[in-house]
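Here are a few warm-up exercises for getting to know a new structure. Have a go at each one before you read its solution.

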Amino acid sequence: MDSAPIRAPAQLAAVVDAAPDDGRLPLVLTVGFTGHRALDDGEAAFALIATAFREVLATFEQVASAPYAAAYAGAPRLRLLIGAAPGADRIAEAAWRATGLDGVHQIYPFRDPETGAAYTDQPAKADPGARVDVLPDPEPWTGIDALSLGLEPDQAHAEVARWIVRHADVLVAWWNGEQATAAGGAGDTMAKALERGSPVIWLKPGVAAPRLARIDHIRQHADALEAMQALDSLAHPFDARTLADLLEPVLAPPGDDAPGSRDPEVLARLDYAAVDPLRRERGAQAWRHRLLERTLWRTYARFERIAGALPPVPDAPVRAPPELEAQPGFSRLLAEGRTAAARASHLSSVHRSEQLLLIAIAILAVVVGAAPALTGGPSLSRVHTIAATLEFSLAVVAFFLADLLAGRAHRHRRWSDARRLAERLRAAVATWPLGFDIADAHASAPPTWTEWRARALLRAAGPPRGWIDGPRFEADVVWARDRLIGSQAAYHHRAAHVADRIEGFVRRVEAAAFGVLLLTLLIYLLLSWTQPLFGWNPPHWVGGLVTVVSAVSPAVAAGCLALEATNGFGELALRSSRLEAEFAALGERFDEAGAPPYHHARRLLRRAAELLVEDADAWRDRLLRRRIVRGA
């Protein structure tokens, strides 16, 4: 095999420069590779694989220079994910490095229980060719200790295939086209990638040029295995432009980003990125923000403590295992998730406090507007003027809260985006150490910019590193179970309690306002009916009081209705009670007797993660229908 370097052109070398991770979100393209262990002509294989990698480089250059790449930050990166088995895998790694690229991430399916060495096949076979040298630092690698995890040999190979397909944006496959039934083999890996919807670059022995299997052509058949029987007629010549076009919907943020476009997804993404409510301001801005944080934006928290009778805060969550905290990808996801959660918490306080304050201002404005009815005589005109001035001032304050602080700042939209992103990343952080994500099944275009960002962060994080053995997997499962199931069950228990108490409080206030109105009117009518009998003339303020109560009581009731309409406490209590039961049921299923621990735990945690994100999506839809209202 000719191992002479095949260097990338100078313009490509600049694109794939391996700059250090600066914490920003880079555009990352992951190329997976699969192939046969036995090759008839290693020289021809090297040449064809190198040709495919050069086209991948050309694709990456087009991707990195596309207009949508401006949505990312930092240096763009290209990664090769490979199994490191003898044969095509090792030739592909040599061709990748000969093309002038780094960024190789190997996956090993076996570890010798005695020596700890990495193997690409069962150590019991004593095949010296299956033993591999673990990549030196800082090269990333992942070891799946199949024996320690309780996996059968075929399951171990299939798991490597799943990891490659799950993390790869495009798959390069050396496949002879003869069979696709062996678990974890080249054909099986291709079938998994095509079923997922990932583009596949097919390298067939004896065919001089790479070919591209496009998902729109594959979907002309019932499933991927059926399509692979006719792949010779479905695959087309591979070129960089076609692959770049196929990757654009997956890599680009959703929405029309053309100049002058008013696409809501684009506006939401740019708005979210432009304004950070957690940013430390300086000067007068810092003073204003601190004042608002300590006064107005704590209004709802105080109301929640009084009306919701908050139960004790649950115990602190289980801390992530030290090996997990040391993972660079985990640190990136966790930091981004915490930022989104803190932003969502801040915006929640602001939004809910604004709504509560607007309702209070509306009721106070009714009180002020009706107050002149208590006075009479020559001072009435002056009292009307004072009342009108106060009412005007309250209207200005309401406008400032609803339009300047809430409307122009788009806090309503930012809150919904921050909450959705925080919950999506909560799920991703918990499932990432276990090698899966809820978006694994389909390599489809992200429907929202928050989903796009979550997937982009997962691509940047890459696969978990180091050996994943039984003890590490068990520790990660315990942590993920607490984060996705235990903490969520406790959260929804608390949320249901608070929402139920607040709903009861609001209804009692509404009933009290109605009762006061009825009692006041009844007393006034009784006085009116008995006045001729006793000859008593009530003072002027009695009628004025009736006028004030007749105006204020309906306003209080209307405020209660607005508070319920914009927060949906009753619906929230019912939904949280249901989710608490669902999470609790998932937790109980962990202890099912006879269930294989590896796939059983992953399946339950996947469902918990899906449930978490489904709830965030449903909550976001409800919030968008319950926009903040300004009191009349």
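**Exercise 1.** In which helix is V516 found, and is V516 buried, exposed or partly exposed?

*Solution.* This is a predicted model, so you're working with computed coordinates. Start with the address: V516 belongs to helix 19, which covers residues 470–534. Next, look at the accessibility. V516 has a relative accessibility of 43%; since partly exposed runs between under 20% and over 50%, V516 counts as partly exposed. Finally, check its partners: beyond four places in sequence, V516 touches V549 and S553. The C-alpha atoms of V516 and S553 are 7.3 Å apart, although 37 residues separate the two along the chain.

**Exercise 2.** Work out which side chain of opposite charge is nearest to R196, and how far away that is.

*Solution.* First find R196 in helix 6, residues 186–196. Then go through its contacts beyond four places in sequence, which include V165, R166, A439, D440 and H442. The nearest side chain of opposite charge is D440, at 5.0 Å. A salt bridge needs the atoms within 4 Å, so R196 is buried without having one.

**Exercise 3.** Find the residue that caps the N-terminal end of helix 11.

*Solution.* Helix 11 spans residues 264–274. The cap is D263: one of its side-chain oxygens sits 2.9 Å from the backbone nitrogen of E265. Within the helix, E265 is buried, and so are V266, A268, R269, D271 and Y272.

**Exercise 4.** What is the mean pLDDT of the protein chain?

*Solution.* The mean is 85, with 89% of residues at 70 or more. Over residues 1–20, though, the pLDDT is below 50. Where pLDDT is low, don't read the predicted coordinates in detail.

How values were computed: Residues numbered from 1 in each chain as written. Predicted model: local features only at pLDDT ≥ 70, side-chain atom pairs only at ≥ 80, totals over all residues. Heavy atoms only, no water. Buried < 20%, exposed > 50% of the residue type's maximum accessible area, 1.4 Å probe, protein only. Helix = DSSP H or I, 4+ residues; strand = E, 2+ residues; numbered from the N terminus. Polar contact = N/O pair within 3.5 Å; in protein donor to acceptor, adjacent residues only side chain to side chain. pLDDT = per-residue confidence, 0-100. Contact = heavy atoms within 4.5 Å. Lys, Arg positive; Asp, Glu negative; His and termini not counted.
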